[in-house]
Amino acid sequence: MKVSPLYLNSLYLNDFRNYKELKIEFCRGTNLILGPNGEGKSNIIEAVYMLSTSKSFRNAQDQHITRWGQKGYRVRGEFSSDDSTYEIGLEYTAGNKVLSVNGIHERKISNIIGYVYCVLFIFDDIYLINGPPLARRNYLDLILSTSNPLYFRSLKNYLTVVKHKNRYLKEAVEIDWNLISTWNEQLVESGSYLIHERRIIFEFINTYLEHTVGERNDLFFPFRLKYKSNAADEHGMRDRDEIKEGFSKKLRNGRSAEVRARTALYGPHRDDFLFTDREFAVRHFGSVGEARLSTILLKLAQNEFFKQQKNVVPILLIDDVLLELDMKNMEKVLSFLDADSQKIITTTEKKKLPEIFSPDRVFVIGKNGKISCS
């Protein structure tokens, strides 16, 4: 099946962050947003990202995204691929968020996920290496939920059951083991699917890493991702039925431990993954530069995953992160980006970009969020 690039044609903001009202017309190539720090460059990237996921990559609450003194905000984007054009909208007013596709309101977030595929490169990606396990799980779940509606539903069901079970374990005076068993059965059913799908994407990413590193060992050191699950053994249990059996056994054998801890101890909500050179974790031995390059390559693997799984070339959102690299490595990283992908890149100084980088359209942000285009 043909792989089609996805394009953002226009973006409209109303009372979003520092923008009272803004409309930008993007080109299909490379769009560069120039401006000093604190004037709203990243806010534009954030708005586009929210049309893909409904959430801010800054983990900001909607009332904090709303422009000061206002009751809500609106974001609207027109997107197109080879065979269709459509509009995605996001509106927040007084505690209520409404999503829409072509002006038709959608009650469920899952109904808009999958329309817009973006790959986001930001400074905080470094926390995928040295941050807490939750950051890595959230990143992994976002990729899989965006590309697979069944994964999204399974994750939602799984986390709901974990929430009920944790509340019960915390508050119960006397344990109803039949109730615990019922919840555990539900956790095994949905959780085994999550583990199975996570392992599949890890195999994909590691294959991509081996191929890419093999071609460009002048840039990347040999590393891979290692998936760590306390519900299924690292070796073996590749089949979902085997994962179910192993997970079920863990829950049976760990019932007393969970009661003592008053929380659910086993399952994919406790999983983690490591960047490793097959022996040591990058977070312990790698330099800051190696850590940054590792996260960039991970995002490139995500881009390739979307291309192969969904037959779409995602929009690349690059928020000033490349300027942390020296010129030589920056040029090499840019050479990995798809020539036909739309890119929206923010930076403080155009002169810092390598000569091979030639933006097709430049937006300059001045004081108070005023934008000019060249």
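Colleagues, I begin with the central sheet: six strands form an open sheet in the order β9-β13-β14-β4-β15-β16, with mixed pairing. I should say at once that this is a predicted model. Within the sheet, β9, covering residues 118-121, and β16, covering 371-373, stand at the edges. Each of these two has a single partner strand, so one side of each is left without a neighbour in the sheet. From one strand to the next, the twist averages 15°.

Let me turn to strand β4 and its two partners. Strands of a sheet pair through backbone hydrogen bonds, either parallel or antiparallel. Strand β4, residues 30-34, pairs with strand β14, residues 343-347, in the parallel sense, and five bridges are found between them. In that pairing, L34 stands opposite T347 of β14. The pairing of β4 with β15 is also parallel, over four bridges. There, N31 has R361 of β15 as its bridge partner.

How is β4 placed with respect to solvent, buried or exposed? Five of its five residues are buried, and the strand is mostly covered. In a regular strand the side chains alternate between the two faces of the sheet. In β4, T30, L32 and L34 point one way, N31 and I33 point the other way, and all are buried.

Next, the helices that lie across this sheet. Helix α1, residues 41-53, lies across β4, β9, β13, β14, β15 and β16. Its direction is at about 145° to β13, the strand made of residues 315-319. Helix α10, residues 288-310, lies across β9 and β13 and runs at about 175° to β9.

I now move to a hairpin in the N-terminal part of the numbering. Strand β2, residues 7-16, and strand β3, residues 19-25, run antiparallel and are joined by six bridges. F16 has Y19 of β3 as its bridge partner. Two residues lie between the strands of this hairpin, and R17 takes a positive phi near 55°.

A further residue to inspect in the viewer is Y86, which is found in strand β6, residues 85-93. Why is Y86 classed as buried? Its relative accessible area is 11%, and the cut-off for a buried residue is under 20%. Leaving aside neighbours within four places in sequence, Y86 is in contact with L6, G77, E78, F79, N102 and Y115. Y86 and V101 are 15 residues apart along the chain, and their C-alpha atoms are separated by 7.3 Å.

Finally, the internal voids. How many cavities of 30 Å³ or more does the structure hold? There are three, and the largest cavity has a volume of about 40 Å³. Which residues line the largest cavity? They are L128, I129, R136, F273, L274, F275, V282 and R283. By character, the lining divides into six nonpolar residues, no polar residues and two charged residues. Three elements, α3 (127-130), β11 (272-276) and α9 (282-285), each supply at least two residues of this lining. The largest share, three residues, comes from β11.

To close, I return to the sheet with which I began. Its strand β4 pairs in the parallel sense with β14 and likewise with β15, and the five residues of β4 are buried. Helix α1 lies across β4 and other strands of the sheet, including β13 and β16. Thank you for your attention.

Note on methods
Residues numbered from 1 in each chain as written. Predicted model: local features only at pLDDT ≥ 70, side-chain atom pairs only at ≥ 80, totals over all residues. Heavy atoms only, no water. Pairing = 2+ DSSP bridges. Axes fitted to C-alpha atoms, helices over the stretch in contact; angles between N-to-C directions. Contact = heavy atoms within 4.5 Å. 1 Å grid on protein atoms, 1.4 Å probe; cavity = no way out; pocket = protein on both sides within 12 Å on 5 of 7 lines; lining within 4 Å. Points joined across faces, edges and corners; volume = space filled by probe spheres on them. Nonpolar A, V, L, I, M, F, W, Y, C, P; charged D, E, K, R; others polar. Buried < 20%, exposed > 50% of the residue type's maximum accessible area, 1.4 Å probe, protein only.
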